[in-house]
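Dear colleague,

I am passing on to you the structure we spoke about, with the sequence alongside. Please look through it first, and then read the notes underneath.

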Amino acid sequence: MDVMGYGQLLERAWPEIIVVLTAFVVVACDLVAFRRATAGARFGAAVAIGAAGCVGAVWKLMASAPVMNQTSMMVDTPLTRLVQAGLLVLTIVVLLLSVGAQFTEHVGEFVLLVLLGTAGMLFLVAAQDLLAIFISLELLSLSLYILTGFDKASPRSAEASLKYFLFGGMSAAFLLFGFSLLYGFSHSTTLSGIAMAVHEQPHNPILMVAMVMAVVGFGFKIAAAPFHFWAPDVYQGAPVQSAAFIASGSKVASFFIFFQVMVLGFAGAEGSASLTRMTSGWVPILVLVSCASMLLGNLAAIAQMSLRRLMAYSAVAHAGYMLLGYVAHTERSLAALLYYVVTYSLATLGVFGVLAVTEKANGDDSISGLSGLSRRAPFLSFCLAIFLLSLAGIPPLSGFFAKFLLFTSVLAAAPGSMLLLWLVVLAIGMSAVSLFYYLRVLKRVYVADVEAQAAPLRAPVFGQVVIGFLAASVALLGCAPDLLLNALVGVVRASGL
Amino acid sequence: MSGFPWISVLTLVPIAGAIVVLAVGAASHTVVRRTALGFSLIALALTLLLWYGFHPEANGYQYQEMHPWISMLNANYHVGIDGLGLLMLLLSAIVTPIGMLASRQVERQVSLYFALMLLLQACLFGTFTALSFIHWFIFWEMGLIPAFFLVRLWGGPKSAKAAMQFLVYTMVGSITMLMSFLAIFLATRSFDFVDIGRMAQSGRLMPEIVARLGWHLLTPEHTAMVIFAGVFLGFAVKVPVIPFHTWLPLTYTEAPTGTTILLTGAMSKMGLYGFLRILLPCFGVQMQHVLTPLLWLAVATIVLSAYTAWAQTDLKRMFAYSSINHLGYCILAIFAVAKFTGTDAGLMSQKFAAMDGVFLQMFNHGLTAATLFWFIAMLEKRSGGVRGLNDFGGLRRVMPVFTGLMGIALFSSLGLPGLNGFIGEFLIFKGSFPLVTWATALSVLGLLITAIFILGILQRVFYGALPEVWAQLPDLTVGERLSLVPVIGLMFVLGLYPQLVLGVVNHTAMQMALTLRNF
């Protein structure tokens, strides 16, 4: 095995280093230069510096060619680079949506935590070693726990944070226990080393236990049922910007690394969930988790009164769809999965962006509070319609193509498999259910009668620009999916599975 | 005229119109109405240009555009028209301005209403020109959204239920169709209608699907049948074919009349277009396997809808059911054409006749039904929303011009020789009778009932005693008369000289009938 020196490691970790350094610059500037400035100005400055740092990291990612070393602790392939660049873009959007937020005095610390979480995500994407994965995951999670509780004035935020922390600690324990079993089983911490051991004895019971533990740990991160209990409370209690961060970037990174661990680490122990010849492995487990997520997420979302909780349950449902990409585990399905999770994140960020404005005006996130929004804020309503319809999978928005590509790649993975066919049928049926609850929100926005006194909603111009940009990208990626898809297919193929 | 992307431009015109209409939304209602009407007339002019440059004798598609689009799915942006596509474009372009002229009662959110109408027109254009499944499906689905909101926001008292029913029914059909096309794509790696049609006619499509997908629980025949059923359901709901029609009466009745005109005039043709463009070339064998039940469906559609229309007392509902009846003739002829695959010259000439009849009937029904609903809109405007069959009487005394012109439209719907409705139905019956004798014979009952209830309308609305309340009903204004002249004139022209349309579509009809030879 090729051992990496510190010099090499530093060389390779330039984007992460840039992000971390930016984080410290932000805090320093905020504490030194902007102490007496207003919250708005402080947020503006901090976000400008943070976003500049992210842009720098993206530039660094694009500037040099990947090293393509598959055997070390951290890999550097076109695939990881593209995902990292995507994560940085999502972080920039979250930062831009935070401009003008009023939930905290500690502006510098907020941006610091977002950037540290981003650094954790960047490491997570590149990690190929159990320890590196665990440490990056914790770096990300700890930032998210604090971000959830960042609204100190709100008891709900604190409660959500504690819940998130307790559930997260528990799932981290599961994950670590699973990892330790894996190490004992394979005498290796790298994914490729584990894969070799798995190849020799794919039906070892210890391996099975470790596999279940890993699914529990990662299932928590991606909010798949039945490990989703934190999601509604966190989505509802956290400050909007934190919730947006949790719902977008952290999801992309977690889905990616989960796929890597399952497909690279447990290669050879897929098992089969075929209805007639079932064998043990991670595919049958994920089939169960996926079905549970699709059913529970969609059915529970119907009953929600709060838009944030609705988004949480819809996140559970979307996790269920995306897990189908794992069940297929082909190059095509990975490309489709990444397209799905990126476009999903853009739409989700957009919804939270709109929520940030309406909550400030309405004081809560209830769906009924959105009544007649189309007349109070026509532009925001239009964007919200684009985001929700994309999430529901209405053509020609990107959500439709995401679902279409994912389901096609799943069906193409194992022609003739009745199980995959039924899973896709279930997924499409559940998408139809999801249309119902997304339309219920839009019905409030567009059809419900507005009270006489409702004044036009005052929305900051900058926030509207960001939201408009998100809506445009959701629509554009739907009309021309090749813009993103070609890049994804290219890097997935170049990096191999 | 090759090279210039005529069809893309044509699809973009109404979209641009929708944006402009929304932009001038703050202006007076008249400005909004005129702008929207202007854009729909530009689209009509463009369609006429296409008609002018079209070569009726050429094989294959014209004005084609092909660009790679989604490489992962091997999907292209491929558009083009043959005689059928051109005819449907023209119909959509004629019906949309009629729908707009009939939307005078719309007073709330006028700019949004007209923007949605233009959007719907763009979706119609897109559907009728697409030759690749993906963007065809996008336009097909996207058309639902403006239609849903048009019904929901400006519809009658039960519009919420109507819009929901409409959406759910068509959505279910769309989903099964999507599944079937996914299966076809997985087997053939192609979404192109032309490619798929070619594979089907060389007999390779279904074996390929069975070999690639091979669902073990199903025999090859059943696999093919399941896929056919999925696509069939999608189109059958849209046309609609009885028993998939239950969304239609409520939707047509509750929708604002301008929208009903678009729904019945153009959108219902989307389903028939799918039958002709996709089902007939790709699933001819499957249709033959289940031809008898399919013919029963066609007969039921024709006869039952006519009887139901007879029993209605709401004029809009009557014409809604009569719409189902008229499109039923097309379904019958399509099934009749699919029955035989031989090259026998006698059969061929019957198939050509039936095919020509289908094309004519689609166009004529669009024209006539749109005009009839337009008359209802004018009547409603004068009567304050009343449109019951028994609410009127003797209107010919106060509204002689209205009575005369609507009478012409009614007789055209009834199929009086000399008017446009006759020739299509005649060709359909002439062609279908030798091919599927019993079904055609039973369907004649539909003609009879239609004649009865249409004469009933004439009698109860325009003759008899004039109720006191309607004594002051004004006749048609000059503007209304002028805008009606071209439509009524077209009814006469097509009735006396159907060659105008037939000349353009005849070659396409022959090609379609010929492709069925090579199973």
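What follows is a short account of what was found, going from the whole model to one residue.

This is a predicted model, in which local features need pLDDT of at least 70 and side-chain atom pairs count only at pLDDT 80 or more, while totals for chains, interfaces and linings use all residues. Residues are numbered from 1 along each chain as its sequence is written, and chains are lettered from A and ligands numbered from 1 in the order in which they are written.

On confidence, the model scores ipTM 0.79 and pTM 0.87. Chain B has an average pLDDT (the predictor's confidence in each residue, from 0 to 100) of 88, and 98% of its residues score at least 70. Within chain B, the mean is lowest, at 75, in helix α9 (residues 205–213), and highest, at 93, in helix α14 (residues 291–311).

Chain A contains 21 helices and zero strands, where helices (H or I, at least four residues) and strands (E, at least two) are DSSP runs numbered from the N terminus. Its C-alpha trace spans about 70 × 55 × 40 Å along the principal axes. The radius of gyration of chain A, taken over C-alpha atoms, is 22 Å, which agrees with the value near 23 Å for a compact globule of 497 residues (the rule being 2.2 Å times the number of residues to the power 0.38).

Of the residues of chain A, 59% count as buried, meaning that 20 or more other C-beta atoms, placed from the backbone, lie within 10 Å of a residue's own. In helix α11 (residues 240–247) of chain A, eight of the eight residues are buried, so this helix is largely enclosed by the rest of the structure; among them are A:Q241, A:F245 and A:I246.

Where the chains meet, 20 residues of chain A are in contact with 23 residues of chain B, contact being C-beta atoms, placed from the backbone, within 7 Å. On the chain A side, α18 (398–413), α19 (418–446) and α21 (482–495) each supply at least two residues, and α18(A) gives the most, with five. That side of chain A divides into 16 nonpolar residues (Ala, Val, Leu, Ile, Met, Phe, Trp, Tyr, Cys and Pro), three polar and one charged (Asp, Glu, Lys and Arg count as charged, and the others, Gly among them, as polar).

Finally, A:V424 lies in helix α19 of chain A and is buried, with 21 other C-beta atoms within 10 Å. Leaving aside residues up to four places away in sequence, A:V424 touches A:F407, A:V410 and A:L411.

With best wishes

How values were computed
Contact = placed C-beta atoms within 7 Å. Buried ≥ 20, exposed ≤ 12 C-beta atoms within 10 Å, placed from the backbone.
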